[in-house]
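Visitor: Could you take me through one part of this structure slowly? I am new to this, so please go step by step.

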Amino acid sequence: MTNLAIAAHGLRKSYGDKVVLDGVDLAVAEGTIFSLLGPNGAGKTTTVQILSTLISAGPTSGDIRVGGHDLATDPQAVRRTIGVTGQFSAVDGLITGEENMLLMADLYHLSPGAGRRVTADLLERFDLVDAAKKPASTYSGGMKRRLDLAMTLVGGPRIIFLDEPTTGLDPRSRHNMWQIIRDLVADGVTVFLTTQYLEEADELADRIAVLTDGRIAAEGTAEELKRLIPGGHVRLRFDDPAAYARASGALRETVRDDQALTLRIPSDGTQRELHVILGRLDAASVHADTLTVHTPDLDDVFFALTGGAAGITDKPKETVR
Ligand SMILES: Nc1ncnc2c1ncn2[C@@H]1O[C@H](COP(=O)(O)OP(=O)(O)OP(=O)(O)O)[C@@H](O)[C@H]1O
């Protein structure tokens, strides 16, 4: 059996009358990336804060173990095992990147020699050597995030909590950060990642859990989650209301949008199914102005599980004219 880096059973947390977490179970295998997804206010940050000992879980929570240590009885041991980079950066803008790192090494009680070695190694690894002697306040958003993560790694954590690590980064910086995260996991580190970007979870995570209304609504690999929901469809759009009406009569099982003159037909997007749809349109002598094929993605899963609707205006994956 794989060892679990994080195991929580019946995790609960309330603020006054407001129940934020209502019995959350988590099992994260060592050396994997686990992503917690959820809409704003779902309780993702609260979960990270509890698992990283920053706040305490509700009194009726079950067993919570991080790095094999019991969170309730041995929080110090948990703290020695983990690193956290959150939405509030630990970077001090007034001092240089290198000084920030050395300060961290001091906090971890590394000897001056070891502190300098670790700092040099991490600055190199995170492509911050050129900027090392400049005040951190002059760094770009991507550089600050890299420095923040590098500082987290000074203590050599085996489990890292990344709370929305790429929010606000441009695509190149985001891809850099993804590579850094993959490299960490290749070294055996476990990553617990919260993100608002479904693409990020799809790209990185071995397993994904969707948190909504204080509970895990679904958990699995990205592929498993995508299989949970139907969502594949063909969308036909018409400029001419008469053509729209004729097409609607010619096709079965359509969802109509009379305002947008758009028809949505459930379909797996295969050539065979497209052929049938086009054959019916031909037989009715009607032509769609746009035809798009939509296959379910993590957005659809997210919307389906968190109560939103994956609407008819969803972005197409492929367009055939
Ligand atoms: N200290 C607190 N006191 C009262 N309510 C709180 C406190 N911290 C969080 N909450 C509430 O708990 C809920 C969950 O918050 P949390 O920050 O964990 O959500 P989140 O999923 O991380 O959201 P986001 O994506 O917006 O960061 C929210 O409704 C929030 O208002």
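Which helix gives the most to the shell around the ligand?

Guide: Happy to help! Please keep in mind that this is a predicted model. The helix you are after is α1, residues 44-51, which gives the most to the shell around the ligand, with three residues. Try finding the whole shell in the viewer: around the ligand sit Y15, V20, G38, N40, G41, A42, G43, K44, T45 and T46. Sorted by class, the shell holds six polar residues, three nonpolar ones and one charged one.

Now let us move on to the helices that pack against one another, beginning with α3 and α4. Helix α3 covers residues 97-107 and helix α4 covers residues 112-125; their axes come within 9 Å and cross at roughly 135 degrees. Angles over 145 degrees would count as roughly antiparallel, and α3 and α4 are therefore oblique to each other. The crossing of α3 with α4 is right-handed. On the α3 side, the residues that meet α4 are G97, E98, M101, L102, A105 and D106, while α4 brings G115, V118, T119, L122 and L123. Of the residues in this contact between α3 and α4, six are nonpolar, three polar and two charged.

While you have α3 in view, look at its other partner here, α5. These two helices, α3 and α5, pack at an angle of about 25 degrees, and their axes are 9 Å apart. Because angles under 35 degrees count as roughly parallel, α3 and α5 are described as roughly parallel to each other. Here too α3 makes a right-handed crossing, this time with α5. From α3 come G97, N100, M101 and M104, and from α5 come L147, A150 and M151. The contact of α3 with α5 has five nonpolar residues, two polar ones and no charged ones.

Helix α5, residues 141-153, leads us on to helix α6, residues 171-186: their axes come within 10 Å and cross at roughly 15 degrees. That angle makes α5 roughly parallel to α6. The α5 and α6 pair crosses in a right-handed way. In α5, the residues to find are G141, G142, R145 and L149, which meet S173, N176, M177 and I180 in α6. This contact of α5 with α6 contains four polar, three nonpolar and one charged residue.

A general point may help as you look at such lists: an α-helix has 3.6 residues a turn, so residues three or four places apart point the same way.

Let us finish with α10, residues 271-283. This helix has 13 residues and reaches 18 Å from its first C-alpha to its last, close to the 18 Å expected at 1.5 Å a residue. After α10 comes S285, with a positive phi near 50 degrees.

How values were computed. Residues numbered from 1 in each chain as written. Predicted model: local features only at pLDDT ≥ 70, side-chain atom pairs only at ≥ 80, totals over all residues. Helix = DSSP H or I, 4+ residues; strand = E, 2+ residues; numbered from the N terminus. Expected span 1.5 Å × (residues − 1). Axes fitted to C-alpha atoms, helices over the stretch in contact; angles between N-to-C directions. Parallel < 35°, antiparallel > 145°, perpendicular 65-115°, else oblique. Left-handed = near helix turned anticlockwise from the far one by under 90°. Contact = placed C-beta atoms within 7 Å. Nonpolar A, V, L, I, M, F, W, Y, C, P; charged D, E, K, R; others polar. Near = placed C-beta within 6 Å.
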